[in-house]
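This report walks through one protein chain for a reader at the bench, taking its helices, its sheet and a few single residues in turn.

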Amino acid sequence: MTGEQLRVCVEGHLLNRMVMHPDGEVRAEAVFYHGQGDYAERYLEVLYPFTEHGIRCTITELPGHGYSPGRRGHCGDTPLLDAVIQDTLSSFAGLPYGVMGHSMGGLLAARHLVLSGRGGLPAPAFAWLSSPLFKPSLNRSALFIRILRLLAPLVPSLTVSTGVKPEMCRIKPEQAVTDPEPGDQQARARHQLWHSRISLGWGAALLDIEKLVYDGLKDIPQDIPLLYTQGGDDPVCRPELAREMYAQFPNRSKRYDEMKGLLHEPFRGDGSESFFAVLGAWLESLSLNPRLCPTRPEA
């Protein structure tokens, strides 16, 4: 299972884009936002069910991520993010599209939904939020946040650790991410793509996005079907906050699934079968013609 790798130039940045094509008819498109420190190929397995349902998935690696050049952890700024979004949407050829994302990408997907409700982006036909990082300031002191705000304009590309480790993400860490075998060059190359850095400039941008999303949840179009998945023991994006945020989404058709015992990446490692059962059932509940809409409401 592979994705088509493309190089796109957006606002002077040469970025890597992966497109996963269905084997048959393309019935819809999807924008997927990756997590902080992640890269596109890590989502091949989790996005495969979408391509099986005729949904072509596009992931653009932001600067400093995956195969996109740049300082590790420095994604640029929100104007660049918006340019990447517009460039992606322009490739969709008028098909209905969905918006999806994991962790930091889940926060960016929620931002996408808010902007669509305010008329800044075309409204998606469906949405999936995977363990969204709705509070990037969590576990950071007020003093740290004040210092970040002061330094970000001066040294935006200076990076610090996110504090996220592989063992916080899945029950049984992937060998490719944690400890590649000495001779396994492909696994070692993938290992080097993953990182746990974030720049001060991008950190400040995420704080602004956090506020925009908190203030703008009420503006999200109510007719967009929403799936929200969450690991029940996630130490990065806390389940208590996930439940609180989910309750505020105005979507008429929405589904929340919290998978007991799973961590920040419930789709990977031991216990991921329960996640894929949830995802499969939700995809089956969507009608792809002419517009993605649920055929049955949330119970």
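## Helix H1 and its surroundings

In helix H1, which spans residues 44–52, the buried residues are Leu44, Val46, Leu47, Pro49, Phe50 and Thr51. The model in which they are seen is a predicted one. The cover over these buried residues of H1 includes strand E2 (13–20), E3, strand E4 (55–60), E5, E6 and helix H9 (272–284). Just after H1 comes Gly54, whose phi is positive at about 80°.

For the chain as a whole, the secondary structure comes to nine helices and twelve strands, and buried residues make up 55% of its 299 residues. When contacts between residues at least 6 apart in sequence are considered, 78% of them join residues at least 24 apart.

## The eight-stranded sheet

Eight strands form an open sheet with mixed pairing, and their order is E1-E2-E4-E3-E5-E6-E9-E10. The edges are taken by strand E1 (4–10) and strand E10 (254–259), each of which has a single partner strand, so one side of each is left without a neighbour in the sheet. On average, and with direction ignored, neighbouring strands of this sheet are turned by 20° against each other.

At the E1 edge, E1 and E2 run antiparallel and are joined by seven bridges, and Arg7 stands opposite Asn16 in E2. The two strands form a hairpin with two residues between them, and in the turn Glu11 has a positive phi of about 50°. Elsewhere in the sheet, strand E6 (residues 126–130) pairs with strand E9 (residues 226–231) in the parallel sense over four bridges; the bridge partner of Leu129 in E9 is Tyr228.

Helix H3 packs on this sheet, where it touches strand E3 (28–33), strand E5 (97–102) and E6, and the direction of H3 makes about 145° with that of E5.

## How H3 meets H7

Besides its packing on the sheet, H3 also has a helix partner. The axes of helix H3 (residues 104–117) and helix H7 (residues 200–216) come within 9 Å and cross at roughly 50°, which means that H3 is oblique to H7. The crossing in which H3 passes H7 is left-handed. On the H3 side the contact is made by Met104, Leu107, Leu108, Ala110, Arg111, Val114 and Leu115, and on the H7 side by Trp202, Leu206, Ile209, Glu210, Leu212, Val213 and Gly216. By class, the residues of this contact of H3 with H7 divide into eleven nonpolar, one polar and two charged.

## Single residues in their settings

Four residues are listed here with their places and relative accessible areas.

| Residue | Place | Relative accessible area | Class |
|---|---|---|---|
| Leu151 | helix H4 (residues 142–151) | 33% | partly exposed |
| Thr88 | helix H2 (residues 78–89) | 4% | buried |
| Ala93 | loop between H2 and E5 | 71% | exposed |
| Ser131 | loop between E6 and H4 | 0% | buried |

With its neighbours within four places in sequence left aside, Leu151 is in contact with Pro156 and Leu200. Leu151 and Leu200 are 49 residues apart along the chain, and their C-alpha atoms are separated by 7.2 Å. Thr88, with its neighbours within four places in sequence likewise left aside, is in contact with Arg17, Val31, Thr58 and Thr60. Thr88 counts as buried because its relative accessibility, 4%, falls under the cut-off of 20%.

Which backbone angle sets Ala93 apart from what its residue type might suggest? Although Ala93 is not a glycine, its phi is positive, at about 55°. Ser131, another residue other than glycine, also has a positive phi, with a value near 45°. Ala93 is exposed, with a relative accessible area of 71%, whereas Ser131 is buried, with a relative accessible area of 0%.

Notes. Residues numbered from 1 in each chain as written. Predicted model: local features only at pLDDT ≥ 70, side-chain atom pairs only at ≥ 80, totals over all residues. Heavy atoms only, no water. Axes fitted to C-alpha atoms, helices over the stretch in contact; angles between N-to-C directions. Parallel < 35°, antiparallel > 145°, perpendicular 65-115°, else oblique. Left-handed = near helix turned anticlockwise from the far one by under 90°. Contact = heavy atoms within 4.5 Å. Nonpolar A, V, L, I, M, F, W, Y, C, P; charged D, E, K, R; others polar. Pairing = 2+ DSSP bridges. Buried < 20%, exposed > 50% of the residue type's maximum accessible area, 1.4 Å probe, protein only.
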